Amino acid sequence: KAMLRGVSGGATSFKAESMQRTMASLINAASRGIGGCAGLREGLGGWQKRSASSSAKSSCNGIDFSTRIEAGGAVIHSNMPDDDNSIRTSPSPKDLVMAGLAACTSMTLQTRARTMIDSGKMERDSLKRIEVHAYDTTPQGKHMPTRVNLKICMTGSLTAAQRRQLFAAAEMCPVKQMLKGQVEEGIEVELAVLEDELECNS
């Protein structure tokens, strides 16, 4: 059994708008009213009461790229897209990243909207629907995107001030911060080479 540990981190290749502060400093600034996000710390209280850690496990038999993923009590099957652009039946790893970014952005907006409603800054039925489209721009023949795009569409009767507050809250999405290189201690990698596949579960 061989073990290898390492830490990788640093700047990402994503061409995102400049935001160099960490998630903690952003929340602290928001709680002081900087950037029009006053009270956002309180708005994230629901998340802070929950378990914040995430986990996923992937497994495959052979090297055909067909991969089984267990995450959040669900099972997802992922595969690499075919070269001939044929109809796909399962998401690629980058599709799953974009899905996480879209979902997290939506939930961040919902959290902020709930806070605004509770504080009387927005009527309960003002925001009827949120749609988030996350997609990357990857040059032909490459695997690393040169840009990640987020398109947010909110349906409802929102004032200009409410739109600004919600848009500012979208910057707080933890998945977005991860993609922008804000994981404070980087990514730790542990490699195990085993004789018996059953040892992986030990």
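**Architecture, confidence and local environments in the predicted chain**

Of the 202 residues in the chain, 26% are buried. The structure described here is a predicted model, and its overall make-up is a good place to start. The chain holds six helices and seven strands, and read from the N terminus these elements follow the order β-α-α-α-β-β-β-α-β-β-α-α-β. Contacts that span long stretches of sequence are well represented: among those between residues at least 6 apart, 59% join residues at least 24 apart. The accessible surface of the chain amounts to about 14200 Å², and carbon and sulfur atoms account for 53% of that area.

Confidence varies along the chain, and this is worth keeping in mind at the bench. The mean pLDDT is 77, with 70% of residues reaching 70 or more. Strand 5 (residues 127–137) has the highest confidence, at a mean of 96, whereas helix 1 (residues 23–31) has the lowest, at 38. Across residues 1–42 the pLDDT is below 50, although this stretch makes 85 contacts in the model beyond near neighbours in sequence. Where pLDDT is low, the predicted coordinates should not be read in detail.

The interior can be followed through its nonpolar cores. The largest consists of nine residues, namely L109, A113, M116, I117, M122, L127, L158, L166 and A170. Both helix 4 (93–118) and helix 5 (160–170) supply at least two residues of this core, and helix 4 gives the largest share, with four. One of the core members, L158, touches M122, S126, L127, R163 and L166 when residues up to four places away in sequence are left aside. A second, separate core has eight residues, including M98, L101, C104 and A134.

Two members of that second core reappear around L150, which lies in strand 6 (residues 147–156). Beyond its neighbours up to four places away in sequence, L150 touches L101, T105, V132, H133, A134 and K176. V132 sits 18 residues from L150 along the chain, and the C-alpha atoms of the two are separated by 6.9 Å. L150 is itself classed as partly exposed because its relative accessibility is 29%, a value between the 20% and 50% cut-offs.

A further local environment centres on S78, a residue of strand 4 (residues 74–78). With a relative accessible area of 4%, S78 falls under the 20% limit and is therefore buried. The S78 side chain reaches the backbone oxygen of P91 at 2.7 Å. Leaving out residues up to four places away in sequence, S78 touches F65, S66, T67, I69, S90, P91, S92, P93 and L96.

F65, one of these contacts of S78, belongs to the loop between strand 2 (56–59) and strand 3 (67–71). F65 counts as exposed because its relative accessible area, 55%, is over 50%. The backbone of F65 also deserves a look: its phi is near 75°, a positive value in a residue other than glycine.

Finally, the cysteines can be considered. A disulfide is a covalent bond between the sulfur atoms of two cysteines. With a cut-off of 2.5 Å between cysteine sulfur atoms, the count in this model is zero disulfides. Two of the cysteines differ in their surroundings: C60 is partly exposed, since its relative accessibility is 47%, whereas C173 is buried, at 0%.

Notes. Residues are numbered from 1 along each chain as its sequence is written. This is a predicted model: local features need pLDDT of at least 70, side-chain atom pairs count only at pLDDT 80 or more; totals for chains, interfaces and linings use all residues. Side-chain values use heavy atoms; hydrogens and water are left out. Buried means under 20% relative accessible area, exposed over 50%, partly exposed in between (1.4 Å probe, protein chains only). pLDDT is the predictor's confidence in each residue, from 0 to 100. Contact means heavy atoms within 4.5 Å. A polar contact is a pair of N or O atoms within 3.5 Å; within protein, one must be able to donate a hydrogen and the other to accept it, and residues adjacent in sequence count only if both atoms are side-chain atoms. Accessible areas come from the Shrake-Rupley method with a 1.4 Å probe; for residues, only the protein chains shown count as cover. A nonpolar core is a set of buried Ala, Val, Leu, Ile, Met, Phe, Trp, Tyr and Cys residues joined through side-chain atoms within 4.5 Å.
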